Amino acid sequence: MKGDDAAATLKFWDTSAVVPLLADEPTREHLMRLLDQDPDVIIWWGTTVEIASALARREREGLVTADQVTSALAIAHQLADSWHEIVPSDSVRRTAERLLRTHPLRSSDSLQLAAALVAADHNPENLQIVCLDARMSSAGRREGFTVLDS
């Protein structure tokens, strides 16, 4: 795939949509079908750290065991090896700073959305976002992305 063809088929996956792939959550089956339809995934460089944070929180809350977290993290790292990763850059940082002034986002969400914009070459029509976070989905839509959130 080249240029626009590659961007048209790829989807940017926010951490909120990746975690259910690793845990027993109600949205898991739908997201698995979406992933099966298009296994080419774009993620932000910090996604695996955010996954570790989300799983650790579930462990502290007693929702999962330590063994389940260890297994899920191993799967996450294995999957991440095949994903397209947007790495930190000046462009991501500047875009994230702009997004924080434009939308009510947390800093980590601004970095995710900035990475999606960089992946789309700042043309949101080139890329869809898979996201289950309401605030991030709203900001993504206002930036012009098609957001797959259910």
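1. A quick definition before anything else: a helix axis here is a line fitted to C-alpha atoms over the stretch in contact, and the angle between two axes is taken between their N-to-C directions, from 0 to 180 degrees. With that in hand, look at α2 and helix α3 (residues 28–37): their axes come within 9 Å and cross at roughly 105°. Since 65 to 115 degrees counts as roughly perpendicular, α2 and α3 are therefore roughly perpendicular to each other. Do keep in mind as you read on that this is a predicted model.

2. Which residues make that crossing? On the α2 side they are Ala17, Pro20 and Leu21, and they meet Arg28, Leu31, Met32 and Leu35 of α3. Sorted by class, the contact has six nonpolar residues, no polar ones and one charged residue.

3. Leu21 deserves a look of its own. You'll find Leu21 in helix α2, which covers residues 15–22. Is Leu21 buried or exposed? Its relative accessible area is 6%, so Leu21 is buried. Setting aside residues up to four places away in sequence, Leu21 touches Trp13 as well as Arg28, Leu31, Met32 and Leu35. There is also a long-range pairing to check: the C-alpha atoms of Leu21 and Ala76 are separated by 9.0 Å, though the two residues are 55 apart along the chain.

4. Now for the cores. In soluble globular proteins, nonpolar side chains tend to be buried together. In this model the largest nonpolar core has 22 residues, and the members that touch the most others are Phe12, Ile42, Leu99, Leu113, Leu127, Ile129 and Phe145. At least two residues of this core come from each of β2 (41–44), α6 (90–102), α7 (107–119) and α8 (134–142). The biggest giver is α7, with five residues. Apart from this core lies another one, of 21 residues, including Val41, Ile51, Val64 and Trp83.

5. If you want one residue to click on in the largest core, try Leu113. Leaving out residues up to four places away in sequence, Leu113 touches Leu99, Leu105, Ile129, Met136, Ala139, Gly140, Glu143 and Phe145.

6. Two residues of helix α6 make a nice pair to compare. Thr95 sits in α6, and so does Arg98. Thr95 is buried, at 8% relative accessible area, whereas Arg98 is partly exposed, at 37%. What do they touch beyond four places in sequence? Thr95 is in contact with Ala114, Leu117 and His122, while Arg98 touches Leu117 and Glu143. So Leu117 turns up in both lists. Arg98 also lies 8.6 Å from Ser110, C-alpha to C-alpha, with their positions 12 residues apart in sequence.

7. On to charges. Side chains of opposite charge can pair when their charged atoms come close. How many salt bridges does the structure hold? There are seven. One of them joins the side chains of Glu25 and Arg58, at 2.5 Å from N to O. This pair links distant parts of the chain, 33 residues apart: Glu25 is in the loop between α2 and α3, and Arg58 is in helix α4 (residues 47–60). Glu25 is partly exposed, with a relative accessible area of 22%, but Arg58 is buried, with 17%.

8. A more local case is the salt bridge between the side chains of Arg93 and Asp90, at 2.4 Å from N to O. Because Arg93 and Asp90 are three residues apart in helix α6, they are separated by about one helical turn. Both partners are partly exposed: Arg93 has a relative accessible area of 45% and Asp90 has 44%.

9. Last, have a look at Arg106, which forms a salt bridge with Asp133, their closest N and O atoms being 3.2 Å apart. Here again the pair links distant parts of the chain, 27 residues apart, with Arg106 in the loop between α6 and α7 and Asp133 in the loop between β4 (128–130) and α8. Arg106 is partly exposed, at 37% relative accessible area, while Asp133 counts as buried, at 19% relative accessibility. Add Asp109 and you have a network: Arg106, Asp109 and Asp133 are linked by salt bridges.

Methods:
Residues numbered from 1 in each chain as written. Predicted model: local features only at pLDDT ≥ 70, side-chain atom pairs only at ≥ 80, totals over all residues. Heavy atoms only, no water. Helix = DSSP H or I, 4+ residues; strand = E, 2+ residues; numbered from the N terminus. Buried < 20%, exposed > 50% of the residue type's maximum accessible area, 1.4 Å probe, protein only. Contact = heavy atoms within 4.5 Å. Core = buried A, V, L, I, M, F, W, Y, C linked by side-chain atoms within 4.5 Å. Parallel < 35°, antiparallel > 145°, perpendicular 65-115°, else oblique. Nonpolar A, V, L, I, M, F, W, Y, C, P; charged D, E, K, R; others polar. Salt bridge = Lys/Arg side-chain N within 4 Å of Asp/Glu carboxyl O.
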